[in-house]
Amino acid sequence: MVGISHSLFISGKRIAAIVITTILYSNMAFAQFPVKGRVLSADDNTPLPGVNVILKNRSGSGTVTDVNGQYRISVPSDTSTLVFSFVGFTSSVERVEGRQIIDIYLVPENTTLNEIVVTGYGTQTQKDLTGSIASAKEKDFNKGNFTSPDQLIQGRVAGVQITNSSGQPGVAATIKIRGNSVLTGSGLPLFVVDGVPLSGASARPNSDDGDSPVGNPLNFINPNDILSIDVLKDASATAIYGSRAAYGVVMITTKKGQAGDPQIDVSASVGISSIQNRVKVLDGDQYRQAIPYYGVTPGYDKGANVDGLGSILRQGKQQNYSIGISGGNNVGKYRFSMGYYDQEGILLKSDLKRFNASLVANMKFLESKRLGLDVNVMTSQYQEQLPIIRNQGSLVGAGLMWNPTDSLRRKDGSLNILTNSGNQNPLALSEGYNDNSKVTTILASLAPRYEFTDWLEAKILTSINYSTGNRRNSFAEWLDTQNHVGSASVANNENLTTQLTGTLTFHKDINPNLNLNAVAGYEFMRFTSEGSLISVVGPANGFGNFGLDYTNYLQYSNAGNRNVSSFSNPVTELQSYFGRAVFNFKKKYLLTATFRADGSSKFGTDNKYGYFPSLSAAWVISDEEFFQSGLFSFLKVRAGWGKTGNQEFPAGSSSTLYSFYNNGAYGQTNNPNPNLKWQADQQINFGIDFAVMKKRLSGTIDFFQKTTTDLLYPTYPIQPAPPGTVVTWVNLDGKIQNKGVEVTLNANLVDQSNFAWTLGINAMFIQNSVSGLSAPIYTGYATSGAMVQVIQNGSPINTFHTRKFIRIEPTIGQSVYEDDGNTLYNFGSPNPTSVLGLNTMFRYKRASLTVNMYGAFGHYLYNNTLNGTLNVSHINASQNIALQEFQSSVKESVGNPVQSSSRYIEKGDYLKMGNATLSYNLGNLGKGFKQARVYFTAQNLFTITKYSGFNPEVNTDRNNNGVPSLGIDNQAYPVARSFILGFNFTL
């Protein structure tokens with residue numbers, strides 16, 4: 001018994017030891033280590049709610065992130081591995097390795113093919129497109145402070161060249177989509193904001209005191225309110241807009257409310273600006289050396305050392321604030337926003353202030369929720385203080401030409417006004433000239449819609465776009481060195497566009513293999529424009545000094561020298577019928593057919609209607625069973641053809657028009673032309689869309705040919721002409737052709753959770769030619785009234801055409817020209833043969849750097865600032881000259897006649913650092929501030945170019961009878977370099 005008992009005792013000890021050991025190992029195995037952190041998007045640093053966080057190889061163990069992207073999980077050991085996964089993002093695997101806080105950045109998958117694109121009266125996914133359409137979302141926009149939406153995509157879209165030809169705040173840019181075919185008008189694309197086509201006209205009145213740069217018709221839109229911009233480029237995409245789509249269509253979609261708790265988005269920034277590049281002129285010491293060198297009057301040395309241009313330059317301040325409030329649920333969503341923008345220009349007395357507010361609401365009614373209502377209201381007022389920038393008497397020209405040895409102020413502090421002289425004191429010109437404008441705009445639309453079924457919807461959109469502008473300018477009597485009385489003017493403009501559009505949309509699978517997406521509609525638009533102007537000069541003793549601007553007591557002026565005028569343009573009406581059908585067979589064979597009929601009151605009685613068809617097709621080769629490629633993950637080919645039109649010319653041009661004059665007089669100003677018709681544009685496009693390396697590299701290649709015919713042109717009588725002979729608008733024989741290739745490449749070079757690097761490149765290579773004209777057309781005024789551009793057969797449009805400069809003859813200092821200047825020659829084109837855009841983003845954890853560069857190559861510019869403002873002859877009039885002229889190896893005579901010639905034609909190639917932004921995602925700050933982000937942006941950081949002017953992005957308006965010039969530089973407002981500090985957050 002004893003032996004047996006002892007044996008049992010020993011066995012019990014062993015069992016207890018085994019049990020204890022098992023429990024200890026079990027406790028060690030199940031020891032829990034807490035891990036927490038946040039999961040954010042590597043694309044824009046925003047938190048990701050609903051991300052799955054699980055333990056690798058342990059089913060059922062995991063959690064999901066909350067609305068702020070935060071998670072908390074317990075792991076069994078510090079050697080555990082976590083897997084983070086979320087729809088639309090690449091999964092991330094992270095070993096714990098003892099860390100208690102693990103922040104993760106998920107890289108978005110290449111979902112471009114499934115992105116929604118606005119195509120006009122509807123939407124499609126990128127994969128289903130058959131036309132050439134480029135799309136930019138908010139995350140793709142340029143960073144920084146901008147006055148209008150077009151600047152958001154500068155350098156971002158292949159085939160689109162945006163030229164900011166002036167640094168003046170609020171001035172319109174030159175926008176060309178797939179080249180230049182503009183014989184008359186602005187050549188701007190049609191802008192459509194939330195389904196409402198804009199008229200393209202600015203309500204800011206033109207000045208009665210010169211031809212300052214025109215206002216930007218897009219200034220009323222706050223760029224912070226924009227969600228996406230889609231650019232329709234080829235005719236198969238733009239034909240749905242028919243007669244107004246010849247220069248392309250830009251679809252702007254604003255932000256809408258999202259279902260969920262109310263939230264407030266706040267953004268604020270401040271910045272400073274200064275001149276980016278100076279035109280080199282003589283300083284005081286160099287001017288003193290030049291006086292004896294050129295043998296001019298020694299008295300021109302006034303003894304000082306003054307920077308004329310610098311006296312009117314400043315460091316401009318800017319501030320930008322925006323707030324958006326949004327929320328709602330599945331049956332009603334809303335967004336309300338307000339913004340304030342204030343930018344000082346780098347020239348004295350030039351600035352822009354903008355106040356804007358918008359309200360967007362999307363609601364559903366009835367028990368079925370099939371009745372919907374969309375409400376959009378956008379209001380804005382911007383105020384401008386405008387410097388005197390014009391072709392004659394420009395403030396910039398005065399600053400450049402000022403004698404650098406002459407003081408700007410006398411010893412008593414008064415301004416140095418030079419009477420009986422052509423020299424204008426730039427500081428006095430700035431102080432004595434006042435020019436202020438105010439433009440108020442409202443864009444409102446109401447769109448009820450009803451879903452009859454899940455695949456059939458009717459919608460009626462009504463809209464109103466009203467804009468009124470006021471402009472007041474005055475010229476001080478002490479600046480009026482001839483009459484000493486001063487002058488003033490007040491102008492008012494009013495534009496109104498109304499729209500009614502009805503559409504019926506059908507989207508249904510006809511059978512398992514065939515889907516039809518179709519829209520049919522009717523549209524009626526009405527455009528009115530009217531205004532008035534009164535300009536006066538002071539009485540015999542001048543306006544005096546009463547502490548008021550002259551525009552506040554115009555009645556005090558000289559009654560015999562008052563000029564009063566007003567206008568009311570003929571009302572233009574546009575009636576349209578349109579339809580589009582997209583057939584999708586087996587999700588890989590696509591066919592799109594579009595047709596639009598436009599009837600316009602602008603055209604002659606024999607051609608009231610124009611018809612604009614298009615047809616395009618696409619084949620998704622990568623979805624074919626026979627296509628087995630380890631390289632391509634997506635491959636689609638496209639082909640399209642279509643016709644569009646252009647009606648950008650004055651209202652009533654096909655009719656007999658009369659104008660009223662002073663004292664009961666009136667006269668005919670336009671001859672009728674019942675045969676006047678649409679200017680037609682026909683375009684062919686072939687495209688390839690592809691993605692390789694598991695969609696880490698994607699791109700698009702498009703080949704296009706656009707031909708413009710039936711050119712709208714005003715024929716003016718050849719002088720001398722019989723009394724009463726007036727302009728007649730006609731369709732010219734001839735054509736303008738643009739053909740080329742566009743390339744877009746986007747690459748996710750590195751896509752790790754802590755580090756990412758993306759690169760985007762877009763380029764357009766293009767050729768322009770003119771043919772079939774019966775006679776050359778001249779435009780582009782340079783010095784002394786000579787024109788230096790021609791539109792003629794066999795050459796690109798606006799080709800430079802002038803004397804051929806050979807040299808300065810050393811013995812006499814005179815210009816030598818080919819054939820003594822009697823023959824004019826062609827000297828290159830202002831149209832670039834290639835346009836480039838480059839953007840890249842680097843991200844390391846919460847910090848990111850975004851860079852955007854753009855450029856243009858293969859074109860020439862005419863430096864009329866050098867030709868007419870800074871040539872050597874000016875030193876003989878006690879004015880400044882260009883440094884390069886003084887440093888020339890050959891001495892030029894001050895008596896050398898000032899003539900336009902190839903001497904002033906320069907290569908226009910440039911590459912510009914448009915903007916660079918360094919940002920840091922602060923995340924949530926306390927319980928109130930969410931998604932906080934701080935950033936620093938540099939705009940127009942540098943430009944690589946050999947052009948000697950202020951800026952190679954130049955296009956001063958030097959038109960001839962409405963035929964635009966291109967690439968001429970004439971005393972333009974210099975471009976500014978800006979540095980901006982900003983932050984944004986959500987409450």
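Reader: Which word describes Asn425, buried or exposed?

Author: The model is a predicted one. Asn425 has a relative accessibility of 4%. A residue counts as buried when its relative accessible area is under 20%, so Asn425, at 4%, is classed as buried.

Reader: Where in the chain is Asn425 placed?

Author: Two helices frame this residue: H4, which spans 395–401, and H5, which spans 426–432. Asn425 belongs to neither of them, and its place is in the loop between helix H4 and helix H5.

Reader: Which residue offers a backbone oxygen to a polar atom of the side chain of Asn425?

Author: Leaving out residues up to four places away in sequence, Asn425 touches Trp402, Leu408 and Asn416. One of these also supplies a backbone oxygen that lies 3.0 Å from a polar atom of the Asn425 side chain. The residue with that backbone oxygen is Asn416.

Reader: Which helix gives the most residues to the largest nonpolar core?

Author: The largest nonpolar core holds 35 residues, and those touching the most other members are Leu347, Leu395, Leu400, Leu429, Phe800, Tyr862 and Phe950. Helices H4 and H5 each supply at least two residues of this core. The helix that gives the most, with 4 residues, is H4.

Reader: How many residues make up the second, separate core?

Author: Tyr862, in the largest core, is in contact with residues beyond four places in sequence, including Phe800, Tyr904, Ile905 and Ile968. A second core is separate, and among its members are Ile162, Leu188, Ile226 and Met378. The number of residues in this second core is 29.

Reader: What distance separates the C-alpha atoms of Gln126 and Glu115?

Author: Gln126 sits in the loop between strand S9 (123–125) and strand S10 (133–137). With a relative accessible area of 17%, Gln126 is buried. Gln126 and Glu115 are 11 residues apart along the chain, and their C-alpha atoms are separated by 5.7 Å.

Reader: Which strands stand at the edges of the open sheet S31-S32-S36-S35?

Author: The open sheet is formed by 4 strands in the order S31-S32-S36-S35, with mixed pairing. An edge strand has a single partner strand, so one of its sides is left without a neighbour in the sheet. The edge strands here are S31 (657–660) and S35 (711–715).

Reader: Which residue of S32 is the bridge partner of Tyr658?

Author: Strands of a sheet pair through backbone hydrogen bonds, in either a parallel or an antiparallel sense. S31 pairs with strand S32 (residues 666–671) in the antiparallel sense, over 4 bridges. In S32, the bridge partner of Tyr658 is Gln668.

Reader: How many residues apart in sequence are the parts that Arg846 and Asp103 tie together?

Author: Arg846 and Asp103 form a salt bridge in which the closest N and O atoms are 3.4 Å apart. Arg846 lies in the loop between strands S45 (834–844) and S46 (847–857), whereas Asp103 lies in the loop between strands S6 (92–95) and S7 (104–106). The pair therefore ties together parts whose separation in sequence, in residues, is 743.

Reader: Which of the two words, buried or partly exposed, applies to Asp103?

Author: Arg846 has a relative accessibility of 17% and counts as buried. Asp103 has a relative accessibility of 28%. Values between 20% and 50% belong to the partly exposed class, so Asp103, at 28%, is partly exposed.

Reader: Which strand holds Arg526, the salt-bridge partner of Glu573?

Author: The side chains of Glu573 and Arg526 meet in a salt bridge, at 3.4 Å from N to O. The two residues are 47 residues apart, and the pair links distant parts of the chain. Glu573 is in strand S27 (residues 572–585), while Arg526 is in strand S25.

Reader: What is the N to O distance in the salt bridge of Asp598 and Arg596?

Author: The structure holds 33 salt bridges. Asp598 and Arg596 are both buried. Their side chains meet in a salt bridge with an N to O distance of 2.9 Å.

Reader: What phi does Lys369 have?

Author: Most residues other than glycine have a negative phi. Lys369, in the loop between strand S20 (351–365) and strand S21 (371–385), is not a glycine, yet its phi is positive. The value for Lys369 is about 60°.

Definitions and conventions. Residues are numbered from 1 along each chain as its sequence is written. This is a predicted model: local features need pLDDT of at least 70, side-chain atom pairs count only at pLDDT 80 or more; totals for chains, interfaces and linings use all residues. Side-chain values use heavy atoms; hydrogens and water are left out. Buried means under 20% relative accessible area, exposed over 50%, partly exposed in between (1.4 Å probe, protein chains only). A polar contact is a pair of N or O atoms within 3.5 Å; within protein, one must be able to donate a hydrogen and the other to accept it, and residues adjacent in sequence count only if both atoms are side-chain atoms. Contact means heavy atoms within 4.5 Å. A nonpolar core is a set of buried Ala, Val, Leu, Ile, Met, Phe, Trp, Tyr and Cys residues joined through side-chain atoms within 4.5 Å. Two strands pair if DSSP finds at least two bridges between them. A salt bridge is a side-chain nitrogen of Lys or Arg within 4 Å of a carboxyl oxygen of Asp or Glu.
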